[in-house]
Amino acid sequence: MRRGTFRDDTVDYAAVGATHAPDLMHYPPERSIPAEESWRIGSGVERFQTAGEALLSWTAQRAAGLSVEDVRPAPGPAYAGVSFDAEGNPIAPSKRDVEPRYDAEGMPFVGAGMTLHLRGRVAGMRADAELRVISVTEETRRIGFVLGTVGGSVVSGEESFDVDWREDNDEVWFTVRAFDAPNALIYRTIPALMKRRRRELFARYLRAISPLYATPV
């Protein structure tokens, strides 16, 4: 992992946390294109824990062909980030002491308030971006996090990644939600390219997290 200086900026969009809004697909943030997919990836506590561990160790991004660089954890007590109730209303953030975790290569696990740089290509286009981890969820039946763009990307917006272990039927589901507003001229001129970019990213994330394929719902 390469470490470097990282400027302490805020995100470059206004609707922070909107990927957790229940009405995202009907009322996305201004100028943005929303997207959502869910896949059943197995069942049981072992599948849930394995997928959750993979998610928090950047597997969705790295196995999707994106390089995770310049990772900088939030200083001091971990910022718990923006969270939301069942109706999508924001809940006041808090701080908590959390022991940082690292994978075998020394890469820190996802942490709220963390900043990072992604590099790579998607659908033949550059996918470089500075990002901030908006929030992290680690619950008995849900593990996930939200990434927001800080700058330098061809789009601005947010992605949320969640693994849910459903109590009613023991199934484990992987859900990705996003909204993108175009920054690059080509995406502003040809919006269909943004949708193509998003479809390819979703397919890569599924291959990274799921040991099997299921029909999106």
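Biologist: What pLDDT does the chain average, and what share of the residues scores at least 70?

Modeller: This is a predicted model, and its chain averages a pLDDT of 83, with 81% of the residues scoring at least 70. Since pLDDT is the predictor's confidence in each residue on a scale from 0 to 100, these values describe confidence in the prediction.

Biologist: What makes residues 1–8 a stretch to read with care?

Modeller: The pLDDT stays under 50 over residues 1–8, although the model gives this stretch 24 contacts beyond four places in sequence. Residues 213–217 likewise have a pLDDT below 50, with eleven contacts beyond near neighbours in sequence. Where pLDDT is low, predicted coordinates should not be read in detail, so the individual contacts of these stretches are best left uninterpreted.

Biologist: Which elements does the chain have, and why is the sheet of seven strands called open, with β1 and β2 as its edge strands?

Modeller: The chain has four helices and 13 strands, and seven of the strands form a sheet in the order β1-β13-β12-β11-β10-β7-β2, with antiparallel pairing. Two strands count as paired if there are at least two bridges between them, and by that criterion β1 (33–43) and β2 (67–72) each pair on one side only, which is why they are the edge strands. Neighbouring strands of this sheet are turned by 20 degrees against each other on average, with direction ignored.

Biologist: How do you know that β1 and β13 are paired?

Modeller: The requirement is at least two bridges, and β1 has ten with β13 (residues 171–182), in the antiparallel sense; therefore the two strands count as paired. Within this pairing, Gly42 stands opposite Val172 in β13. Helix α4 (residues 191–209) lies across β1, β12 (155–165) and β13, and runs at about 15 degrees to β1.

Biologist: What joins β12 to β11 and to β13?

Modeller: Strand β11 (residues 142–151) pairs with β12 in the antiparallel sense over seven bridges, one of which sets Leu147 against Glu159 in β12. The hairpin of β11 and β12 has three residues between the strands, and Gly152 there takes a positive phi near 80 degrees. On its other pairing, β12 meets β13 over eleven antiparallel bridges, and the bridge partner of Gly157 in β13 is Asp180. This second hairpin has five residues between its strands, and Asp170 in the turn has a positive phi of about 70 degrees.

Biologist: Why are both faces of β12 called covered?

Modeller: A residue is buried when its relative accessible area is under 20%, and eleven of the eleven residues of β12 meet that condition. Val155, Gly157, Glu159, Phe161, Val163 and Trp165 lie on one side, while Ser156, Glu158, Ser160, Asp162 and Asp164 lie on the other, and all are buried, so both faces count as covered. Over the chain, buried residues make up 52% of the 217 residues.

Biologist: Which residues have the most contacts inside the largest nonpolar core?

Modeller: They are Trp58, Leu116, Phe145, Phe174 and Tyr205, in a core of 42 residues. Leaving aside neighbours within four places in sequence, Phe174 is in contact with residues including Trp39, Ile41, Leu55, Phe161, Val163, Tyr205, Leu206 and Ile209. Apart from the largest core lies another, of seven residues, among them Val11, Leu24, Ile134 and Val146.

Biologist: What share of the contacts with a separation of 6 or more comes from residues 24 or more positions apart?

Modeller: Such residues account for 66% of those contacts in the chain.

Key: Residues are numbered from 1 along each chain as its sequence is written. This is a predicted model: local features need pLDDT of at least 70, side-chain atom pairs count only at pLDDT 80 or more; totals for chains, interfaces and linings use all residues. Side-chain values use heavy atoms; hydrogens and water are left out. Buried means under 20% relative accessible area, exposed over 50%, partly exposed in between (1.4 Å probe, protein chains only). Contact means heavy atoms within 4.5 Å. Axes are lines fitted to C-alpha atoms, for helices over the stretch in contact, and angles run from 0 to 180 degrees between N-to-C directions. A nonpolar core is a set of buried Ala, Val, Leu, Ile, Met, Phe, Trp, Tyr and Cys residues joined through side-chain atoms within 4.5 Å.
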